[in-house]
Amino acid sequence: MAKLYFYYSAMNAGKTTKLLQSSFNYRERGMDTLLYTSVLDDRFGSAKITSRVGLAEEALTFSKELDIFEDIIHRLTEGVACVMIDEAQFLTKDQVTQVCRVVDDLNVPVLTYGLRSDFRGEPFEGSLYLLLWADELTELKTICHCGKKATMNARFDSNGNILRDGEQIDIGGNERYVSLCRKHYLAGQCRRQATASEAS
Ligand SMILES: [Zn+2]
């Protein structure tokens, strides 16, 4: 039986690299994959998934209006072994149910990759329902400047001040986001301080 997988993490934990590696593994065994990314993420060109370590693959895009179940049915061929969705935090609740139907009705595995929470510490709609409805949850780990696991994404202005309010979606500048542990997220401390006693 096919399953719905959700790989979640803070930013810069290698989600996209993991997706592209998995896709490569399928193709190496002669199977096809259908790749999707959010139409919002046009950092590297709208129809390409690009990881920070330099891997890249062509992808389809989803907007909030797309019926992803109908889109996948339309594109499904016998060789397609699985569907992979990057930036899955941008799926709507309806689209998460559509993805569930791809798994349950079409018996095609779907691997989704996304951020658990936004810079305010609030859930993304897509991630919220994937966390609730996916068959398998896997956390991909990255670390804070203190060495602890980073679970939060902090947004900073050009002066290094943490931003607590603003639009949820502001893709484009990795330099304005830092992955932090909860303690340093709440403290608003974006980098290691020479005098800080962080052993406590
Ligand atoms: Zn920390």
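Guide: A residue counts as buried under 20% relative accessible area, as exposed over 50%, and as partly exposed in between. The model discussed here is a predicted one.

Visitor: Why is N107 called partly exposed?

Guide: N107 has a relative accessible area of 44%. That value is not under 20% and not over 50%, so N107 falls in the class between the two cut-offs. N107 belongs to the loop between α3 and β7 (110-115).

Visitor: What makes the phi of N107 worth a remark?

Guide: Phi of N107 is near 60 degrees, a positive value, and the residue is not a glycine. E87 also has a positive phi, of about 55 degrees, and is likewise not a glycine.

Visitor: Where is E87, and why is E87 called buried?

Guide: E87 sits in the loop between β6 (80-85) and α3 (93-106). Its relative accessible area is 12%. Because the cut-off for buried is under 20%, E87 meets it.

Visitor: Is S22 buried or exposed?

Guide: S22 has 15% relative accessibility, which is under 20%, so S22 counts as buried. S22 is part of helix α1 (residues 15-28). Beyond its neighbours within four places in sequence, S22 is in contact with M84 and Y113.

Visitor: What class does L60 fall into, and why?

Guide: The relative accessibility of L60 is 22%. Since buried requires under 20% and exposed requires over 50%, L60 is partly exposed. L60 belongs to strand β5 (residues 60-62).

Visitor: Which residues does L60 contact, outside its neighbours within four places in sequence?

Guide: The contacts of L60 are L34, L35, Y36, T37 and R75. For I85, 25 residues apart from L60 along the chain, the C-alpha separation from L60 is 9.3 Å.

Visitor: Why is N153 called buried?

Guide: N153 has a relative accessible area of 2%; the class requires under 20%, so N153 is buried. N153 is in strand β9 (residues 152-156).

Visitor: How do you know that the side chain of N153 makes polar contacts with the backbone?

Guide: The test is a pair of N or O atoms within 3.5 Å, one able to donate a hydrogen and the other to accept it. A polar atom of the N153 side chain lies 2.7 Å from the backbone nitrogen of M11. The N153 side chain also reaches the backbone oxygen of S117 at 2.9 Å. Both distances are within 3.5 Å, so both pairs meet the distance limit.

Visitor: What else does N153 touch?

Guide: Leaving out residues up to four places away in sequence, N153 touches residues including A10, L115, D118, F119, V178, S179 and Y185.

Visitor: Why does the radius of gyration of the chain agree with that of a compact globule?

Guide: With 200 residues, a compact globule would have a radius of gyration near 16 Å; the chain has 18 Å, which agrees. The C-alpha trace spans about 60 × 30 × 30 Å along its principal axes.

Visitor: How many helices and strands does the chain have, and what part of its residues is buried?

Guide: The chain has five helices and 11 strands. Buried residues make up 44% of the 200 residues. Of the contacts with a separation of 6 or more, 75% come from residues 24 or more positions apart.

Visitor: What supplies the exposed surface, and how far apart are the mean positions of the charges?

Guide: The chain exposes about 10400 Å², of which carbon and sulfur atoms supply 47%. The mean positions of the 24 positive and 28 negative charges are 10 Å apart.

Conventions: Residues are numbered from 1 along each chain as its sequence is written. This is a predicted model: local features need pLDDT of at least 70, side-chain atom pairs count only at pLDDT 80 or more; totals for chains, interfaces and linings use all residues. Side-chain values use heavy atoms; hydrogens and water are left out. Helices (H or I, at least four residues) and strands (E, at least two) are DSSP runs, numbered from the N terminus. The radius of gyration is taken over C-alpha atoms; the globule rule is 2.2 Å times the number of residues to the power 0.38. Buried means under 20% relative accessible area, exposed over 50%, partly exposed in between (1.4 Å probe, protein chains only). Contact means heavy atoms within 4.5 Å. Accessible areas come from the Shrake-Rupley method with a 1.4 Å probe; for residues, only the protein chains shown count as cover. Lys and Arg count as positive and Asp and Glu as negative; His and the chain ends are not counted. The place of a charge is taken as NZ of Lys, CZ of Arg, CG of Asp or CD of Glu.
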